[in-house]
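The following report describes selected features of one protein chain. Please read it alongside the sequence and the three-dimensional view.

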Amino acid sequence: MKTLVYMGPKDVRLMSRPKPEIQNDEVLIKVRYCGICGSDMTMYSGKHSRIRPGTVMGHEFVGEVAETKASKKTDLEIGDHVVAEPTFNCHNCFYCKTGRYNLCDDLQFCGRDVNGGFAEFVKVQLDKVIKLSKSCDFKKMALTEPLAVAVSVVNKCKLKVGDTAVVLGGGPIGLLVAQVLHYSGASSVIVSEINEYRLQKAREMGFVVVNPNEEDLKSRVQNFNKVGADIVIDCVGHPSSIDIAFKLVRKGGLISIVALYHDKVPVDLLQIVYSEIDLKGTFIYTYNDFRTAKDLLEKKLIDVEPFITAVYSLEDAAKAFERIYKGAGGLKTLINVS
Ligand SMILES: [Zn+2]
Ligand SMILES: [Zn+2]
């Protein structure tokens with residue numbers, strides 16, 4: 001089968017590989033679309049410590065059931081349209097047994113630790129597969145995984161109806177988080193971003209947008225809530241962004257970190273005590289976030305059409321990576337696998 005393989009920094013290649021063989025309680029998915037994620041670009045740029053050369057990349061895939069091996073009863077049938085959580089967990093450690101399997105001691109991520117979805121076929125764990133409707137729009141459903149991240153973030157941030165929320169960073173995750181915040185009842189969602197293309201996208205989606213290089217972000221936030229933001233979500237991960245988050249959040253508010261910080265950043269912990277700030281990290285999702293994301297898309301409660309800004313064939317996937325790396329990537333690029 002055709003695959004896109006990570007061979008080293010800025011080197012991804014179309015290669016032929018044998019079709020994956022599934023074990024018990026695994027499903028083989030014939031991939032239709034697979035999105036390129038920010039984390040794929042981190043790997044591509046050579047800044048990710050875990051990916052090994054020779055790994056098939058891709059974790060935002062959607063497709064059809066090609067084969068199943070189930071030890072228990074399953075309603076999955078060959079040809080079913082499906083999306084799947086792209087992780088393998090051990091089912092045995094403390095975290096798996098207590099339902100927080102995103103924190104599994106032996107978590108393996110498709111497209112990083114095990115072969116992923118930029119391939120004609122990908123294998124996943126049976127209990128990670130979610131059925132889609134027969135009439136689903138595969139392109140839009142390919143955004144289930146990043147939307148599940150956004151759902152997981154918002155589910156953990158104690159949002160109350162009417163809250164003022166600030167999203168730092170208007171990339172795909174930032175704007176999906178903004179969409180979920182809006183859907184969940186935030187009265188004002190303010191997106192801070194410096195890239196003009198992304199600012200325009202956020203504006204078109206109906207959010208309040210601020211370019212902090214041109215305007216005073218704090219006073220813009222105070223126009224919506226004099227005491228500051230109830231929630232600040234950091235989707236940037238720049239050393240300055242956590243500082244900005246502390247300046248914007250009100251006392252007793254919450255800062256949620258989704259961005260992956262690759263460097264250590266000094267934080268004034270005194271503020272956490274004196275102002276009773278909650279600091280919350282979110283790492284991917286579990287079943288309920290994923291199922292909710294799928295429902296939001298299928299029921300058209302969140303429209304991801306404006307996110308899909310480019311579609312490439314698997315043959316041209318390396319060009320897509322190159323283009324995004326050069327900064328011309330738009331929001332979300334999908335690879336049309338088959
Ligand atoms: Zn992703
Ligand atoms: Zn585990």
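## Salt bridges and their surroundings

E305 is partly exposed, as its relative accessible area is 44%. The values here and below are computed from a predicted model. The side chain of E305 pairs with that of K140 in a salt bridge, in which the closest N and O atoms are 3.6 Å apart. E305 belongs to the loop between helix 10 (287-298) and strand 17 (308-313), whereas K140 belongs to helix 3 (residues 138-141), so this salt bridge ties together parts that are 165 residues apart in sequence. K140 counts as partly exposed because its relative accessibility is 21%, and buried would require a value under 20%.

The structure has 19 salt bridges. As general background, side chains of opposite charge can pair when their charged atoms come close. Three of the pairs are set out below, each with the N to O distance and the relative accessible area of both partners.

| Salt bridge | N to O distance | Accessibility of the Lys or Arg | Accessibility of the Glu |
|---|---|---|---|
| K140 and E305 | 3.6 Å | K140, 21% | E305, 44% |
| R203 and E196 | 3.8 Å | R203, 39% | E196, 46% |
| K326 and E322 | 3.8 Å | K326, 66% | E322, 40% |

In the pair of R203 and E196, R203 is partly exposed at 39%, and E196 is likewise partly exposed at 46%. In the pair of K326 and E322, K326 is exposed at 66%, while E322 is partly exposed at 40%. Salt bridges with shared partners also join R291, K294, D295 and E298 into one network.

## Aromatic pairs

The aromatic side chains form five pairs. One of them consists of F118 and F321, whose ring centres lie 5.9 Å apart with 80° between the planes, an edge-to-face arrangement. This pair links distant parts of the chain: F118 sits in the loop between strand 8 (108-109) and strand 9 (121-125), and F321 sits in helix 11 (residues 317-325), 203 residues away. F118 and F321 are both buried. The two rings also take part in one aromatic cluster, which is formed by Y44, F118, F321 and Y325.

A charged side chain is placed over another ring. K19 lies over the face of F121, at 4.6 Å from the ring centre.

## Two domains and the area between them

The domain assignment divides the protein into domain 1 (2-147 + 285-336) and domain 2 (157-281). Domain 1 is thus given as two segments of the chain, 2-147 and 285-336. The C-alpha centres of domain 1 and domain 2 are 28 Å apart.

What do the two domains share where they meet? Contact involves 15 residues of domain 1 and 14 residues of domain 2. About 1300 Å² is buried between domain 1 and domain 2, and carbon and sulfur atoms give 78% of this area. On the side of domain 1, I302, F307 and L331 lose the most area to domain 2, and together they account for 41% of what that side buries. How many salt bridges are counted between domain 1 and domain 2? The count is zero.

## Backbone positions with positive phi

Two residues other than glycine can be noted for their backbone angle, namely K10, with a positive phi of about 55°, and E276, with a positive phi near 45°. K10 is located in the loop between strand 1 (2-8) and strand 2 (11-16). E276 is located in the loop between helix 9 (269-274) and strand 16 (278-281).

Are these residues buried or exposed? K10 is partly exposed, with a relative accessible area of 46%. E276 counts as exposed because its relative accessibility is 61%, and exposed means over 50%.

## A separation across the model

S240 is found in helix 8 (residues 239-248) and is partly exposed, with a relative accessibility of 33%. The C-alpha atom of S240 is 45 Å from that of K19, and the two residues are 221 residues apart along the chain. K19 is also the residue that lies over the face of F121.

Conventions:
Residues numbered from 1 in each chain as written. Chains lettered and ligands numbered in written order. Predicted model: local features only at pLDDT ≥ 70, side-chain atom pairs only at ≥ 80, totals over all residues. Heavy atoms only, no water. Phe/Tyr/Trp six-rings, centres within 6.5 Å; stacked < 30°, edge-to-face > 60°. Helix = DSSP H or I, 4+ residues; strand = E, 2+ residues; numbered from the N terminus. Buried < 20%, exposed > 50% of the residue type's maximum accessible area, 1.4 Å probe, protein only. Lys NZ or Arg CZ within 6 Å of the ring centre and 35° of its normal. Domains from an automatic or database assignment. Contact = heavy atoms within 4.5 Å. Buried area = accessible area lost by both parts, 1.4 Å probe. Salt bridge = Lys/Arg side-chain N within 4 Å of Asp/Glu carboxyl O.
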